[in-house]
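Here's a quick briefing for anyone meeting this structure for the first time. Take a look, and then we'll walk through the sheet and its neighbours.

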Amino acid sequence: MKKGIIFIISGFSGAGKGTVLKEVFKTVDNLGFSVSATSRQPREGEIHGQHYLFLTKEQFEAAIERGEFAEHALTFGNYYGTLKSEVEKNISAGKDMVFDINFVGAENMKKAYPDAVTVFIAPPSMSVLKERLIGRGSETEESLKKRLAEAEKEAKKIAEYDYILVNDKVDECASNLVSIIKAERAKRVRNLEFVNKLLEEIEK
Ligand code: 5GP
């Protein structure tokens, strides 16, 4: 069975990644979203098991001890992590998966899964990012500062991603991401089994 593709999507917190991904899921088939675990508090409207698995710090640390994470990172004082089970069950079932993870997670996932495709979604400028974060209304002055400082760290890693998209207009950015997904699906290395089947037919 053909394995699913791992699409790692990173972007500064507030770059509009979530909105872009929502658009992408409306148009692409056989694409799942990997639900991460986190020790942060749920935001308004966030659902356990859909947006995140919300764990306490103690529960999270116990899961790290048990070796349940493919990768994890401490960001804004909270843990975020990808459960190995989330990766394995979907990828081995042939489902392509989107992982919304930060640059630390992206680096570690790429080490564990070298075939993973990494995409960075950037805002048109750092000042637009600040405006969007303020507009979201969920940040205190303290957390806004933390998120902007994190963005500066993350910016230094952008050049390591396979693809870089600018989220100026959501529709355009989403459509570019859809193109990347389709192009990756069509890559020669991911379709050798199919090619071999065609060749076998000719030889019969
Ligand atoms: P937020 O608190 O805004 O939902 O997410 C904050 C940051 O954590 C984002 O950059 C997001 O990509 C990252 N993040 C979410 N889930 C994971 C994960 O499983 N692993 C890692 N390393 N980062 C994650």
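Let's begin with one pair: Ile9 has Val119 in S8 as its bridge partner. This is a predicted model, where local features need pLDDT of at least 70 and side-chain atom pairs count only at pLDDT 80 or more, while totals for chains, interfaces and linings use all residues. Residues are numbered from 1 along each chain as its sequence is written, and side-chain values use heavy atoms, with hydrogens and water left out.

**Strand pairs**
- Strands S1 (residues 6–11) and S8 (residues 117–122) run parallel, joined by 5 bridges; strands are DSSP runs of E, at least two residues, and helices are runs of H or I, at least four, numbered from the N terminus.
- S1 also pairs with S7 in the parallel sense, over 4 bridges; pairing takes at least two bridges found by DSSP.
- Within that pairing, Ile6 has Met97 in S7 as its bridge partner.
- S2 runs parallel to S7, with 3 bridges between them, and Phe33 stands opposite Val98 in S7.

**The whole sheet**
- Put together, 5 strands make an open, parallel sheet in the order S2-S7-S1-S8-S9.
- S2 (31–33) and S9 (163–166) are the edge strands, each with a single partner, so one side of each has no neighbour in the sheet.
- S7 is largely enclosed by the rest of the structure, because 4 of its 5 residues are buried, meaning under 20% relative accessible area (exposed is over 50%, partly exposed in between; 1.4 Å probe, protein chains only).
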